[in-house]
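The following account is intended for a reader meeting this structure for the first time. Please keep the sequence and the model in view while reading.

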Amino acid sequence: MSSQRATAFVPGHVTAFFSAHPADDPTVAGSRGAGLTLTDGVTVRASAADGETDAATGGDGADGDGPDGDGPDGDGPDGDAASDVTGSRTIDGEPGSIGAVDDVLAELDATGVDVAVETDLPIGAGFGVSGAAALGAALAANEAFDRGRSENELVRIAHAAEVGRGTGLGDVVAQARGGVPLRLEPGAPGTGELDGVPAAARVEYVTFGELSTEAVLGGDTDALTAAGEDALDRLRADPRLPTLMDAARGFAREADLLVPEVAEAIDAVDAAGGERTDGRSDGRGAAMAMLGRTVFALGTGLSDAGYDPEVCRIDAAGARLVDGRDGE
């Protein structure tokens, strides 16, 4: 008998640089690159709809159509058609849905589940909220309704949903791992390959607004991919946080993604930290989060530059089930 209720926490993820690797199969598609996972993240609660004994495949939950649209109807993993009834969907307490979440629930034959997504992170600003919500929904629904999927299977489902929606390429696999993940080969578990920089640090960030992931990924990504490959080669040769930050800054310029507000903040952090004669960063510099109008820095770089940043740390554990009473 399933518990009919479960909660998952998935860390936020800021991508420092990446190269895009599309493919017809969304489990094979993805990105190479690196980034930081954050103790600021996304909490997802999956539960039976009110009055239902098996909300996974049906119920009286309210329709929660949101700006990202509905996920497709489909057959469950055992070949049984999932119910057309959709459980409630909320984002920070307001009705709304995330397309990748709907697709994950359809794949798990769990469209009748009530799903609540909660986060303090800004949506659409380069923190991987869509991927985190998809992975959290996979973990929580699998636990609540005893779907019997392994961790790699759930990550694969969430990754395919995220890629299929065009809202990300590498957030899900990075968020599943935690720490400072390096995406060496694109794709979901079984195809992709990961490594990491062994490090812990305070992270500060300031967000100036949204940047459309779909618009960037839907355009010409040749220059972006070349810059991302160079950045990854550099970090693999010297897997340390200062190298990651330097490579991130170079990537944003070479890929022509740097927006004025972020460029101004990066310059302000450099000025506050002093200049080095060799032109390299000491790891206190700032960089742009991909893809969003967000600047992030290690240590107290943004605070020293006069900004009022949000503060968190690198998340060591990655995506996990948690006690719903504790949140994260």
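The paragraphs below consider confidence, then two helices, a group of paired strands, and some particular backbone positions.

The structure is a predicted model, and its reliability should be considered at the outset. The average pLDDT of the chain is 86, and 81% of the residues score at least 70. Two segments call for caution. Over residues 59–83 the pLDDT stays under 50, and the model gives this segment 58 contacts beyond four places in sequence. Over residues 275–281 the pLDDT likewise stays under 50, with ten contacts beyond four places in sequence.

A suitable place to begin is helix H3, which comprises residues 151–165. Its 15 residues reach 21 Å from the first C-alpha to the last, close to the 21 Å expected at 1.5 Å a residue. Which residues of H3 are buried? They are Leu154, Val155, Ile157, Ala158, His159, Ala160, Ala161, Glu162 and Val163. The cover over these buried residues includes strand S2 (30–47) together with the helices H1 (99–107), H2 (129–144) and H4 (171–177). Just after H3 comes Gly166, where phi is positive at about 70 degrees.

Strand S2, already met as part of the cover of H3, also leads to a set of paired strands. S2 and S6 run antiparallel and are joined by two bridges; within this arrangement, Gly33 stands opposite Arg183 in S6. Strand S6 spans residues 181–185 and is mostly covered, with four of its five residues buried. S6 also pairs with strand S7 (residues 193–196), again in the antiparallel sense, over four bridges. Here Pro181 stands opposite Gly196 in S7.

Helix H7, formed by residues 241–254, may be examined next. It has 14 residues and reaches 20 Å from its first C-alpha to its last, close to the 20 Å expected at 1.5 Å a residue. How many of the 14 residues of H7 are buried? Twelve are, and the helix is mostly covered. Among the buried residues are Leu241, Pro242, Leu244, Met245, Phe251 and the charged-name positions Asp246 and Arg249. What covers the buried residues of H7 includes strand S1 (5–21), S2, helix H6 (222–237), helix H8 (260–273), S9 and S10. S2 therefore appears in the cover of H3 as well as in that of H7. H7 is followed by Asp256, whose phi is positive, near 55 degrees.

Certain loop positions complete the picture. Asp92 lies in the loop between strand S3 (89–91) and strand S4 (94–95), and its phi is positive, about 50 degrees, although it is not a glycine. Asp109, in the loop between H1 and strand S5 (114–119), has a positive phi of about 55 degrees and is likewise not a glycine. Is each of these residues buried, partly exposed or exposed? Asp92 is partly exposed, with a relative accessible area of 40%, whereas Asp109 is buried, with a relative accessible area of 12%.

The peptide bond from Met290 to Leu291 is cis, with omega near 5 degrees. Leu291 is placed in the loop between strand S9 (286–288) and strand S10 (293–298), and these two strands also contribute to the cover of H7.

Technical notes:
Residues numbered from 1 in each chain as written. Predicted model: local features only at pLDDT ≥ 70, side-chain atom pairs only at ≥ 80, totals over all residues. Heavy atoms only, no water. Expected span 1.5 Å × (residues − 1). Buried < 20%, exposed > 50% of the residue type's maximum accessible area, 1.4 Å probe, protein only. Contact = heavy atoms within 4.5 Å. Pairing = 2+ DSSP bridges. pLDDT = per-residue confidence, 0-100.
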